[in-house]
Amino acid sequence: MTAEDPRAARTRERLRQALLAECAEHPLEEVGVATLVRRAGVGRATFYVHYADLEALAVDACADVVREAVDALHAWRGRPDPVSAPPALQAFFTGLAPHAGLYRALLSPGGGGPLGHVLHRDLRARSLTERTLAGAPDAALVASAVAATFAGVLADWLHGLLEGTPEEVAHQVWQLLVTLHMSR
């Protein structure tokens, strides 16, 4: 693996931050490349060197939320409490509010959409690795079910199809996931 060019990394970070700032003021569908590159202080051609389109940038800008979700679901050791979600999972749900509109634009109900695909892929891979290392039966099946359940519940909650405070939803999805893990 080669080291990333620091200039390219800085440019992508400026574009990500500009997008997050724009999306705090306007829905993603109202954000244009021209406005975004002005805000980031880069040229339009530079934008296209790094990203195919705004959706690709948006998914990249939201990649941290995927990592946070995966880490929050695995932020426990020993026997999991079957009722209470780990504090990291509760904090994850609570921390979604500032960019909830952007997440909704990239995560369709049921857990699909470009961000949903990334979330499902990364969560399934982490769950599969941990279940395989633990010697758990049906590792692939349970890893897929865990990823689909979490992505679906998260998306449906963000879209208002499920009611509850961030803490309530964290506990509810946690209980579902613990049940899935114990079922096989």
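Colleague: How many disulfides are there in this chain?

Modeller: The count comes to zero disulfides in this predicted model. Cys23 is in no disulfide, and the nearest cysteine sulfur, that of Cys62, is 7.8 Å away. Because a disulfide requires the two sulfur atoms to lie within 2.5 Å, Cys23 and Cys62 do not qualify at 7.8 Å.

Colleague: Is Cys23 buried or exposed? And what about Cys62, buried or exposed?

Modeller: Cys23 has a relative accessible area of 13% and is buried. Cys62 is buried as well, at 2% relative accessibility.

Colleague: Moving to the overall fold, how many helices and strands does the protein chain have?

Modeller: The protein chain has ten helices and zero strands. Along its principal axes, the C-alpha trace spans about 55 × 40 × 25 Å. Of the 184 residues, 40% are buried. Among contacts with a separation of 6 or more, 64% join residues 24 or more positions apart.

Colleague: Which residues have the most contacts inside the largest nonpolar core?

Modeller: They are Leu19, Leu89, Phe92, Phe93 and Phe150, in a core of 56 residues. Helix α9 supplies the largest share of this core, with ten residues.

Colleague: What does Leu19 touch, leaving aside its neighbours within four places in sequence?

Modeller: Leu19 is in contact with Leu28, Val31, Leu36, Leu54, Leu57, Ala58 and Ala61. Of these partners, Leu54, Leu57, Ala58 and Ala61 also appear among the buried residues of helix α4, which covers residues 54-61.

Colleague: Which other residue of α4 is buried, and what do the buried residues pack against?

Modeller: Val59 is buried in α4 too. The buried residues of α4 pack against α1 (6-25), α2 (33-40), α3 (44-50), α5 (63-73), α7 (100-106) and α8 (113-133).

Colleague: Which residue caps the N-terminal end of α4?

Modeller: Asp53 does: one of its side-chain oxygens lies 3.3 Å from the backbone nitrogen of Glu55.

Colleague: Turning to the records, which residues does the UniProt annotation "DNA-binding region" cover?

Modeller: In the unreviewed UniProt entry, that annotation covers residues 32-51. Over this stretch the chain is 75% helix and 0% strand, with the end C-alpha atoms 14 Å apart. The unreviewed entry also places the feature "domain: HTH tetR-type" at residues 9-69. Over residues 9-69 the chain is 77% helix and 0% strand, and the end C-alpha atoms are 23 Å apart.

Colleague: Where is Thr11 found, and what does it touch?

Modeller: Thr11 is found in helix α1. It counts as buried because its relative accessibility is 13%. Not counting residues up to four places away in sequence, Thr11 touches Val42, Thr46 and His50.

Colleague: And Phe47, where does that lie and what does it touch?

Modeller: Phe47 lies in helix α3. Beyond residues up to four places away in sequence, Phe47 touches Leu15, Val33, Leu36, Val37, Asp53, Leu54 and Leu57. That list includes Asp53, the residue that caps the N-terminal end of α4. Phe47 is counted as buried, at 0% relative accessibility.

Colleague: How many aromatic pairs are there?

Modeller: The count comes to six aromatic pairs. One of them joins Phe47 and Tyr48, whose ring centres are 4.9 Å apart with the planes at 90°, so the pair is edge-to-face. Tyr48 counts as partly exposed because its relative accessibility is 40%.

Colleague: What is the geometry of the pair formed by Phe93 and Phe150?

Modeller: Phe93 and Phe150 are also edge-to-face, at 6.0 Å centre to centre and with 70° between the planes. Phe93 lies in helix α6 (residues 87-94) and Phe150 in helix α9 (residues 139-158), so this pair ties together parts that are 57 residues apart in sequence.

Colleague: Are those two buried or exposed, and which aromatic cluster do they belong to?

Modeller: Phe93 and Phe150 are both buried. They form one aromatic cluster with Phe92 and Trp157. Phe92, Phe93 and Phe150 are also among the residues with the most contacts inside the largest nonpolar core.

How values were computed
Residues are numbered from 1 along each chain as its sequence is written. This is a predicted model: local features need pLDDT of at least 70, side-chain atom pairs count only at pLDDT 80 or more; totals for chains, interfaces and linings use all residues. Side-chain values use heavy atoms; hydrogens and water are left out. UniProt positions are given in the numbering used here, feature names are shortened, and annotations may be inferred rather than shown by experiment. Helices (H or I, at least four residues) and strands (E, at least two) are DSSP runs, numbered from the N terminus. Rings of Phe, Tyr and Trp (its six-membered ring) pair if their centres lie within 6.5 Å; planes under 30 degrees apart count as stacked, over 60 as edge-to-face and the rest as tilted. Buried means under 20% relative accessible area, exposed over 50%, partly exposed in between (1.4 Å probe, protein chains only). Contact means heavy atoms within 4.5 Å. A polar contact is a pair of N or O atoms within 3.5 Å; within protein, one must be able to donate a hydrogen and the other to accept it, and residues adjacent in sequence count only if both atoms are side-chain atoms. A nonpolar core is a set of buried Ala, Val, Leu, Ile, Met, Phe, Trp, Tyr and Cys residues joined through side-chain atoms within 4.5 Å.
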